[in-house]
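Reader: I should like to understand how the descriptive terms for a protein model are justified. May I put some questions once the model is shown?

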Amino acid sequence: MNIRDNILLRVYLAFGLIVLLAVAVLVRLCDVQFVEGQKWRAMADSLSTKYINIEAARGNIYSVDGSLLATSIPEYELRMDMFAGGIQDKDVFDEKVDSLALRLSQFFKDKTSKEYSRYLRAARRDSARYLLIKRKVGYQELKMVRTFPLYNIGKYTGGLIAIQQNKRIRPFKFLAARTIGYKNENVANGVGLEGAYKEYINGESGKRLVQRIAGGVWMPVNDEAEVAPKEGADIISTIDINMQDLVQSALEKQLKLSDADHGTVILMEVGSAEVRAVANYTRVSKGVYEEKFNYAIGGSQDPGSTFKLASYMALLEDKKIDTNTMVATGDGTYRIPGHTIKDSHGGIGTVTVMKAFEQSANTAVAKLVNTHYQDNPSQFTDHLYDIHMNERLVLQIPGETKPVIKNPSFKSWNKNMTLPQMAYGYEMQITPLQMLAFYNAVANDGKYIAPIFVREIRRLGSPIEQFQARVIADRICSERTIKKLQAMLESVVTKGTGKLMGSPLYRVAGKTGTAQVADENRGYGKKVYQASFCGYFPADKPKYSIIVSINGPKNGYYGAQVAGPVFKEIADRIYASDMEMYNNIPERLVGNTTNPEAKAGESKSVKRVYNALGVKALYAARSGGVDTNNGVAYEAYNTIKGVMPNVNGMGLKDALYLLGNAGLKAKVKGSGKVISQSIPAGNRIGKGLLVQIDLQ
């Protein structure tokens, strides 16, 4: 083979290999495009674009009087695409970037215009497609920013990207904070109403298409969501914002005065069991208290003397005693094996059950319960179990602690000590709200109902679910026993330890409580007290029930001394603002009870005053008839030119006005209203005459 043929062969082989490679590439391209195309297109889409969830605006929470307790407001994160369609042209960008920088500087006041200009120009050089401009921008601010240079070119082409985020706010700040609660992304179960009704409040998330750009940043493809989020439903709570403010301020003031560790107050409407206010405060530093924990539903402790009402209920219901039964308190001690029960104020001798309850004698109730139920303690505890006091109230908000009320089957039951100690509120664990619910049942003539915090749920203004209190027991005891318990509670305030809570305007019923409680994990070694008062008002027609519980007071520890002032302040203020409570009080008239007397004078002014005071005017009609419908008489006087006017009965101002208009000179003597005039009315007069008027 000659050289020429050898060269041609090599060329043909090389060309053939190139053709084969080209065919192979073409075949592979067809395979990728048509056979595997769907797979690779889906993968490309998943890598470059995706849908993300857009959080819906959460529903509002309202108080029972329509005040807004919690709401969501839109908040925006502003970013900028430096190569959006309307500003891709370099000349357009360069012409207006300094103007934009100036407006941003003037509006946000966080950078100078030169700093903004350098920032925007550097981002342009770096081909930034998702430049951060400002976080936490309100809707009204966004509307202004959209009018700035470059951004006003077009909603989608000016480069401005607004990422909406929803911010949760409470217009009344710290009022009812624990009851309203909050939603925390790091906590599975939210707190308060926000957590309990999250399925309603959260709404339905929307969808938004985003695209991945350089740096792994995901940028929205469109300015608006592809699937709009659906707002959450609104919650109508039972909280009254004015009562909540009153309750919190009264509790905080008393906590500071007593230098206490923490405290809680609950205000509830008796008939409906709707909770009108809940306050919980914990000391965070000297004289500073904040809401850290919901003691009302989660603070379970020995209730102390407020539980005596349940003990006497059992004794009265089983007819073991009556209110006039005599009981000996001796020297104020009652000895049981292993322990001595003492009265904090010493012995009060042999007294009636009513007197023992009034004076909160521990020895009396312990002795009575131990004497009558020692051989059959289940008979006593069954009363508590029959009305479900040992069970949760099943509240509408999370966090309720299960009460601990022992019975003889408990391993910790001591046959000598447990029963008498339970009688006056020890060896058990009950939350303040659980205790209040029992007292509320007594105020409600025996009907035991679970407190509620939410009245209804609304969507777009229309109710979708409504709530009423759940009846735990139709009657906790007989009507006979209820009447006696009510009388005993009222007697505590009129004659006993609760005298400080009394009022001359309305009747109060309730019970003081002073209990030594465990100091966290250190037991009862260190004396830590809980002062409480639980009751209702007006006692003759109960409308509101209240419990006040203050733990660890340093300046005094008795219930009447520490908790009582809080109860009284709340009750007094509510009574003063509730017209329904005192409509039946007889009217007491003091001083002058006659209708107001008007001096003679210009009729329009008199009528205007009467109308403002709501007084009906009585006057003579032109027809000669007289309106006698219990009005106030006065006479309107019209002057005649050249005739002496009648100024008798007028005040000085009106008399001088008429005399001056008639051209007369007046000489005044005395004060009050005119009783005489030197020129008789009706006489002909001329200008410049002197007339004397006497006033008295």
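Author: In this predicted model, 3 strands form an open sheet with mixed pairing, in the order β27-β29-β28. Strands (E, at least two residues) and helices (H or I, at least four) are DSSP runs numbered from the N terminus. The model is predicted, and local features need pLDDT of at least 70, while side-chain atom pairs count only at pLDDT 80 or more. Residues are numbered from 1 along each chain.

Reader: What makes β27 and β28 the edge strands?

Author: β27 (665–670) and β28 (674–677) each pair on one side only.

Reader: How do you know that β28 pairs with β29?

Author: Two strands pair if DSSP finds at least two bridges between them. β28 and β29 (residues 690–695) are joined by 3 bridges, so they count as paired, and they run antiparallel. In this pairing, S676 stands opposite D694 of β29.

Reader: Why are helices α11 and α13 called oblique to each other?

Author: Angles under 35 degrees count as roughly parallel, over 145 as roughly antiparallel, 65 to 115 as roughly perpendicular and the rest as oblique. α11 (residues 308–317) and α13 (residues 362–373) pack at about 40°, with their axes 11 Å apart. This angle falls within none of the named ranges, and the two helices are therefore oblique.

Reader: Which residues of α11 make the contact with α13?

Author: On α11 they are K308, S311, Y312, A314 and L315. Contact means heavy atoms within 4.5 Å.

Definitions and conventions
Side-chain values use heavy atoms; hydrogens and water are left out. Axes are lines fitted to C-alpha atoms, for helices over the stretch in contact, and angles run from 0 to 180 degrees between N-to-C directions.
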